[in-house]
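Subject: Handover of a structural model

Dear colleague,

Please find below the structure that I am handing over to you. My notes on it come directly after.

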Amino acid sequence: MSKFKLDPSYRKPIAYAILLHLVFAGLLAFTWPFKKDRPVATPRHVNAVMVTEDMVKEMLAQQQPPQPDPAELQRQQQEEERRRQEQARQEQQRRQEQEKLRLAEQKKREEQKRQEEQRKKEQARKLAEQKKREEQKRQEEQKKREEQKKQEERRKQEEARKKEQQRQEQERKAREERERKLAEEARLAEQRLAQEAAEAERRLREAYEQEQAARRNQQLEATEQARYVGLIQGAIERRWIEPPNVAPNTQATLRIRLLPTGELVSVELVRSSGNAAFDRSALSAASAVNRYPVPQGALFEKFRVFELLFNPKG
Amino acid sequence: MIDWKGFRMVHVKPTWLLIVLLGMLAMVPARAELVIEITQGSREAIPVAIVPFANRTGNALPEDIAKIVSDDLQRTGQFNPLDRGRMLSLPSSSTEVFFRDWRMLGQRYLLIGSIDPAGPGRYQVRAELYDVNTSERIFGEVVSGSERSLRDLAHLVSDSVYEALTGVRGVFSTKIAYVTLHKGAKGASRYQLEVADADGRNANVILTSEQPIMSPSWSPDGRQLAYVSFEGRRPSIYIQEIASGRRTKLTNFQGLNSAPTWSPDGRSLAMALSKDGNAEIYIMDIQTKKLERITNHWAIDTEPAWSPDGRTLVFTSDRGGGPQIYKVDLAGSRKETRLTFEGNYNARPRFSPDGKKLYFVHQRSGAFRMASMELQSGELTILSDTGLDESPSVAPNGSMLIYGTSKGGQGVLAVIAVETGAKFLLPSRQGEVREPAWSPFLN
């Protein structure tokens with residue numbers, strides 16, 4: 001409510017409006033009929049008597065008894081005719097009077113109605129005017145508010161725009177930074193790749209050389225290994241007394257552990273043949289070798305732990 | 001911060017995990033060892049030191065247990081017992097054993113033991129076998145018996161050693177039956193049916209006759225012998241219970257009554273009879289004495305022998321001109337098939353216990369020799385090098401073959417170790433010895 005503080009510029013129009021209302025109110029107070037019916041002035045020359053048919057008949061009956069003489073009768077008839085005409089004329093006149101009156105009355109009511117309507121119209125007009133003014137006022141206020149709102153929005157937009165500008169600026173800077181970094185990284189990566197390629201090539205060359213050497217070694221080793229495998233086979237086969245009556249495909253596997261000197265650390269049956277005597281003969285043979293023929297140096301590792309598969313053929 | 005999204009991405013199905021794990025496991029042995037394959041060993045006799053068993057009985061004993069074991073093993077050809085004179089020590093318990101000494105002597109196994117008293121007249125033999133190279137005890141066992149059974153106890157130890165080192169059940173506790181002939185001063189003959197230990201010792205005479213005794217055959221339970229005796233002037237087949245001496249005359253047909261052999265189920269005897277004309281093979285139900293004729297041929301059919309499964313008979317027939325070996329399928333068609341084609345003379349067949357081989361007498365270059373034939377391949381091997389070999393009989397473990405041969409004009413018994421080819425003669429006795437039959441396992 002306090003929001004509707006009257007703007008000083010509205011004071012004058014409001015005062016005028018009130019004054020105008022008062023004037024109208026005054027006028028209306030004097031002219032208003034206040035419902036008190038004024039006596040209707042009936043014209044003196046009209047004295048209407050209510051004549052009904054019965055009355056006429058009675059009257060006629062009262063007049064019946066004298067025997068009419070034809071002249072008289074005629075006269076009377078004439079008279080009667082004349083009187084009837086007169087009566088009709090009066091009736092007519094009365095009716096006209098009444099009609100006149102009714103018309104006047106009607107006219108008056110219409111006038112009143114017209115005035116009333118006019119008044120209503122006036123009032124409506126005033127109301128409309130007032131409404132219009134209020135509407136105008138409201139619109140103005142609305143307009144003003146909208147204006148304010150617009151301004152606010154403009155201000156906000158401006159702010160947002162500035163912020164956006166700032167953000168874009170920052171982004172741009174960040175992007176530039178990122179790009180710079182990426183470029184740096186790419187440069188470094190390229191450098192690294194080049195280094196790695198060089199390294200890989202070097203390694204490859206080394207590996208190749210190593211492989212060549214290894215192959216030579218391997219060949220040597222393989223020959224050496226084969227030689228020692230043969231020696232061990234011989235040593236075992238000389239000592240292995242193959243049991244008789246062994247079922248075909250009888251196999252036993254032993255695991256042999258040696259010292260670098262070729263001395264036996266342990267013999268262990270890792271897969272039994274299922275024939276205890278066969279297993280025993282194998283264990284005994286492997287244990288019977290006092291010193292296994294083994295290579296010196298790195299190749300010994302192959303012989304540190306190995307398996308002996310006893311697999312007689314026939 | 002942990003990036004759980006990243007973790008979800010490496011989520012792996014358990015199946016895959018398992019496969020990977022298995023793969024890794026499979027790779028473990030793959031990187032493993034060098035495998036050296038040994039495809040042949042020597043067939044030399046196993047060097048074994050059999051130390052004289054310590055006598056703790058306080059008495060002088062009639063038998064040398066270690067010597068009996070040593071002889072048993074040596075005869076197989078599969079063992080080479082150490083000469084006692086070379087032993088550096090004579091241990092009888094594990095604490096006295098220095099394996100290095102035995103290793104130095106090149107021994108593989110060491111048998112030690114003792115004989116202890118076990119009540120009045122009874123002894124206990126304790127034996128332990130060691131692996132010299134691994135220093136492990138292979139077995140220790142205790143057997144006991146009377147003084148008279150010391151040889152049996154020794155043979156039991158031999159069986160244990162043999163089985164431990166060859167994987168095959170020993171036959172040292174089995175028996176042999178054979179026939180001896182003693183010629184008297186005035187030309188009178190005395191035939192004897194004897195049963196002895198497998199080493200030829202401990203002989204017991206179970207029948208004496210002035211007329212020939214032939215073809216002893218063991219019942220599968222080792223309690224009875226079937227044989228042919230001419231004691232009634234003509235041949236008859238008898239069954240005799242060894243323990244009681246109770247005997248039953250089974251056949252007394254016209255003509256030939258010969259070569260009884262016991263079926264593996266012990267219920268029947270296969271034999272050769274000539275009651276219907278010439279010699280044919282018959283099977284007799286021992287209980288009912290009902291005969292079933294198996295062969296019907298104008299030629300001589302004789303010397304039947306059962307396959308170990310009892311479904312086949314092999315026999316000798318001269319239907320091909322000379323004696324050859326045939327077989328007849330008892331279960332099926334009764335079709336007779338010739339098995340031997342090499343040489344002019346193949347006779348007296350016997351199956352190996354695994355049913356894969358036949359042993360028989362084979363004549364080559366005028367000499368009669370022991371031969372074996374692989375039934376599947378038909379491959380024939382000559383086993384003996386003597387000249388008048390007869391009546392092969394196979395030990396129940398299949399490792400040895402006993403047969404009759406001739407030495408110095410005398411019939412003697414010889415044994416061939418089938419695997420090693422080792423041969424030995426059983427101790428010579430007075431007179432002729434012939435027609436040996438090896439018993440089944442008796443214990």
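The notes below cover confidence, the sheet, the contact between the chains and two loop residues.

This is a predicted model, in which local features need pLDDT of at least 70, side-chain atom pairs count only at pLDDT 80 or more, and totals for chains, interfaces and linings use all residues. Residues are numbered from 1 along each chain as its sequence is written, while chains are lettered from A and ligands numbered from 1 in the order in which they are written.

The mean pLDDT (the predictor's confidence in each residue, from 0 to 100) of chain A is 84, and 89% of its residues reach 70 or more. Among the elements of chain A, β1(A) has the highest mean pLDDT, 95, and helix α2 (residues 53–63) the lowest, 74. Helices (H or I, at least four residues) and strands (E, at least two) are DSSP runs, numbered from the N terminus.

An open sheet of four strands, with mixed pairing, has the order β2(A)-β1(A)-β3(A)-β1(B). Its edge strands, each paired on one side only, are β2 (264–271) of chain A and β1 (34–38) of chain B. Two strands pair if DSSP finds at least two bridges between them. Strand β1 (residues 252–258) of chain A is antiparallel to β2(A), over six bridges; there, Thr253(A) has Arg271(A) as its bridge partner. Across the chains, β3(A) and β1(B) pair in the parallel sense over five bridges, and Phe310(A) is bridged to Ile38(B).

In contact with 34 residues of chain A are 25 residues of chain B, where contact requires C-beta atoms, placed from the backbone, to lie within 7 Å. On the side of chain B that touches chain A, β1(B) gives the largest share, five residues.

Two residues of chain B deserve a note on their backbone. Most residues other than glycine have a negative phi. Ser135(B), not a glycine, has a positive phi of about 60° and is placed in the loop between β6 (122–131) and β7 (136–146) of chain B. Asn202(B) likewise has a positive phi, near 65°, and is placed in the loop between β9 (189–197) and β10 (204–209) of chain B. Ser135(B) is partly exposed, with 15 other C-beta atoms within 10 Å; Asn202(B) is also partly exposed, with 15. A residue is buried if 20 or more other C-beta atoms, placed from the backbone, lie within 10 Å of its own, exposed if 12 or fewer, and partly exposed in between.

Yours sincerely

Terms used
Contact = placed C-beta atoms within 7 Å.
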